[in-house]
Amino acid sequence: MAFNGTWKVDRSDNYVKFMEQMGVNVVKRKLAEHDNLKITIEQTGDRFQIKESSTFRTKEFDFTLGVLFDYSLADGTDVSGTWEMEGDVLKGKFTRKDNGKVLTTTRALVGGELVQSYNYEGVDAKRIFKKQ
């Protein structure tokens, strides 16, 4: 339950390059750089309730560890995948519905910050969040 709480994005590493690799157009990339994303996480056992709120949208969804679910990324890309817990790290593996390519992501607590890491087609990025 260590992930529980509200987390606000503080900084990013290589996020623009990652979005470019994902095929996000330049206008959406520029907007996403300043999205002021907040993620609220509530974990109960294997079930997670998530609320994402940014300058552009608010989305609420839930998932259960190991159970396949569908999700739409902020740019409108539809994916299907699962989250698994490996030790203290949440690991997600998602397949894009438009081209079948795989996006992987992890969430881990590092030094009191939530670090969300991404990999798509060989490009890595991170978004680091501070607890509110």
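Here a biologist asks and a modeller answers about a predicted model.

Biologist: Which residues does the UniProt domain feature cover, and how much of that stretch is strand?
Modeller: The UniProt record, an unreviewed entry, places "domain: Lipocalin/cytosolic fatty-acid binding" at residues 4-131. Over residues 4-131 the end C-alpha atoms are 10 Å apart. The chain there is 12% helix and 60% strand.

Biologist: How much space lies in the largest pocket, and which residues are the closest to its centre?
Modeller: The space comes to about 750 Å³. The lining has 32 residues. The closest to the centre are Y15, R57, Y71, L73 and A74.

Biologist: Which element gives the most to the lining of the largest pocket?
Modeller: Several elements give two or more residues, among them helix 2 (26-32), strand 3 (47-53) and strand 9 (113-120). With 4 residues, the element that gives the most is helix 1.

Biologist: How many residues in the lining of the largest pocket are nonpolar?
Modeller: Sort the lining by class. It has 4 polar and 7 charged residues. The nonpolar count is 21.

Biologist: Why do the rings of Y15 and F18 count as stacked?
Modeller: A pair of aromatic rings is described by the distance of the centres and the angle of the planes. For Y15 and F18, the centres are 6.1 Å apart. Planes under 30 degrees apart count as stacked. The planes of Y15 and F18 are at 20°, so this pair is stacked.

Biologist: Where do Y15 and F18 sit relative to each other in helix 1, and are they buried or exposed?
Modeller: Y15 and F18 are 3 residues apart in helix 1, so about one helical turn separates them. Buried means under 20% relative accessible area. Y15 has 14% and F18 has 5%. Y15 therefore counts as buried, and F18 is buried.

Biologist: What sits over the ring of Y15?
Modeller: Look 4.2 Å from the ring centre of Y15. A charged end sits there, over the ring. It belongs to R127.

Biologist: What kind of pair do F48 and F63 form, and how many residues apart are they?
Modeller: Their ring centres are 5.0 Å apart and their planes are at 10°, so the pair is stacked. Both F48 and F63 are buried. F48 is in strand 3 and F63 is in strand 4, so the pair links distant parts of the chain. The separation is 15 residues.

Biologist: How many aromatic pairs are there, and which residues do ring pairs link into a cluster with F48 and F63?
Modeller: The count comes to 10 aromatic pairs. Ring pairs build a cluster that includes F48 and F63. The others in the cluster are F61, F69, Y71, W83 and F94.

Methods. Residues numbered from 1 in each chain as written. Predicted model: local features only at pLDDT ≥ 70, side-chain atom pairs only at ≥ 80, totals over all residues. Heavy atoms only, no water. 1 Å grid on protein atoms, 1.4 Å probe; cavity = no way out; pocket = protein on both sides within 12 Å on 5 of 7 lines; lining within 4 Å. Points joined across faces, edges and corners; volume = space filled by probe spheres on them. Nonpolar A, V, L, I, M, F, W, Y, C, P; charged D, E, K, R; others polar. Phe/Tyr/Trp six-rings, centres within 6.5 Å; stacked < 30°, edge-to-face > 60°. Buried < 20%, exposed > 50% of the residue type's maximum accessible area, 1.4 Å probe, protein only. Lys NZ or Arg CZ within 6 Å of the ring centre and 35° of its normal. UniProt positions renumbered as here; feature names shortened; annotations may be inferred.
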